[in-house]
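Please open the model in the viewer and keep the sequence panel in sight. The tour proceeds by selections, each followed by a description of what is found there.

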Amino acid sequence: MLKHIDGLEAKTNEELLMMYQESRSIEVKQELTMRYLYIVKAIAVQMRGVYEGSMDMEDIINEGVIAIIKGIDRYDPAMDNKFETFISRRIRGMIIDLMRKSDWMPRDYRRQYKAIENARQELSESLGRNPTHAEIAKHLGMEEKKCRKIQQISTMANVLSLDMVMSGDEDRQSVQIPNTDISSQPEHSFLKGEQLTLLTEAVGSLKEKEKMVISLYYVEELNMGQIAQVMQVSEPRISQIHSAAIRKLRAFMESNQ
């Protein structure tokens with residue numbers, strides 16, 4: 001049976017951390033976890049654009065609570081910064097790791113993409129306007145998050161194809177996101193047949209940081225500043241990683257044509 005410790009509520013976070021270092025009390029750890037829960041919630045909201053479409057915020061918060069519990073055990077006040085800084089870095093890293101482990105390209109992507117485009121055309125004709133993501137998903141009996149994700153990937157492929165053929169300009173600031181009528185665009189052929197498979201292989205060949213920047217930039221549509229904040233590096237560094245990734249993708253595609 002756990003021994004109750006009186007007066008925990010009156011102690012500061014720093015005092016509780018010192019108490020835990022000495023006692024390893026589960027009750028003290030529970031109190032600390034509840035006090036630092038706000039950090040998980042704040043980061044979950046701030047990084048929503050990174051994981052939305054792959055995970056729910058509730059799942060992220062649950063994983064963040066586990067990160068806090070583990071972090072309390074691993075925190076060394078003599079070696080690390082303030083606990084708030086230490087745990088914020090761990091939670092951000094946890095979210096990025098979760099995204100790295102998830103497949104950026106859904107299974108049967110081409111089949112599902114074709115079904116979505118067919119549904120878009122059918123609904124456009126019947127509604128007399130472009131259908132929403134929700135309407136397409138409902139028409140196909142597909143989850144809206146999945147439907148949105150597949151369409152984001154198609155946009156990424158189109159923009160990447162434009163970026164890779166632009167001579168001397170690897171900054172997407174001058175490139176407009178294609179409109180939703182993919183089939184009307186000359187780069188539509190980039191999505192057909194082996195080209196898409198080749199793009200998947202090309203992205204898969206990148207280093208982890210390069211793959212993350214490509215995914216956040218083109219699929220999640222974060223800007224360079226937001227990606228820098230997520231990955232905790234400078235914006236110029238993100239731009240360098242993006243440029244290096246585009247060069248590698250271009251070389252991979254050209255060598256395998």
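This is a predicted model, and the tour begins with its aromatic rings, among which there are four aromatic pairs. Select Tyr-75 and Phe-83 to see an edge-to-face pair, with ring centres 5.1 Å apart and 85° between the planes. Tyr-75 and Phe-83 are both buried.

Keep Phe-83 selected and add Phe-86. These two residues also form an aromatic pair, here a tilted one, at 5.9 Å centre to centre and with 40° between the planes. Colour helix H6, residues 83-101: Phe-83 and Phe-86 both belong to this helix, and their separation of three residues is about one turn of the helix. Are Phe-83 and Phe-86 buried or exposed? Phe-83 has a relative accessibility of 1% and therefore counts as buried. Phe-86 is likewise classed as buried, because its relative accessibility is 7%, under the 20% limit.

Now add Tyr-36 to the selection. Tyr-36, Tyr-75, Phe-83 and Phe-86 together make up one aromatic cluster.

From Tyr-36, move to Asn-13, whose side chain makes a polar contact with the side chain of Tyr-36 at 3.5 Å. Asn-13 is located in helix H1, which spans residues 13-23. Is Asn-13 buried or exposed? With a relative accessible area of 18%, Asn-13 is buried, since the limit is under 20%. Display the surroundings of Asn-13 next: beyond the residues up to four places away in sequence, Asn-13 touches Leu-32, Arg-35, Tyr-36 and Glu-84.

Leu-32 leads to the next stop, the largest nonpolar core, which has 53 residues. Select Leu-32, Phe-83, Ile-91, Ile-95, Ile-227, Val-230 and Met-231, the members that touch the most other members of this core. Which helix contributes the largest share of the core? That helix is H6, with eight residues.

Within this core, centre the view on Ile-91. Once its neighbours within four places in sequence are set aside, Ile-91 is in contact with Ile-39, Val-40, Ile-43, Ala-67 and Ile-68. For the last selection, leave the largest core and choose Tyr-109, Ile-116, Leu-123 and Cys-147. These residues are among the twelve that form another core, which lies apart from the largest one.

To retrace the route, return to Phe-83, which belongs to the aromatic cluster and is also one of the residues touching the most other members of the largest nonpolar core.

Technical notes
Residues are numbered from 1 along each chain as its sequence is written. This is a predicted model: local features need pLDDT of at least 70, side-chain atom pairs count only at pLDDT 80 or more; totals for chains, interfaces and linings use all residues. Side-chain values use heavy atoms; hydrogens and water are left out. Helices (H or I, at least four residues) and strands (E, at least two) are DSSP runs, numbered from the N terminus. Buried means under 20% relative accessible area, exposed over 50%, partly exposed in between (1.4 Å probe, protein chains only). A polar contact is a pair of N or O atoms within 3.5 Å; within protein, one must be able to donate a hydrogen and the other to accept it, and residues adjacent in sequence count only if both atoms are side-chain atoms. Contact means heavy atoms within 4.5 Å. Rings of Phe, Tyr and Trp (its six-membered ring) pair if their centres lie within 6.5 Å; planes under 30 degrees apart count as stacked, over 60 as edge-to-face and the rest as tilted. A nonpolar core is a set of buried Ala, Val, Leu, Ile, Met, Phe, Trp, Tyr and Cys residues joined through side-chain atoms within 4.5 Å.
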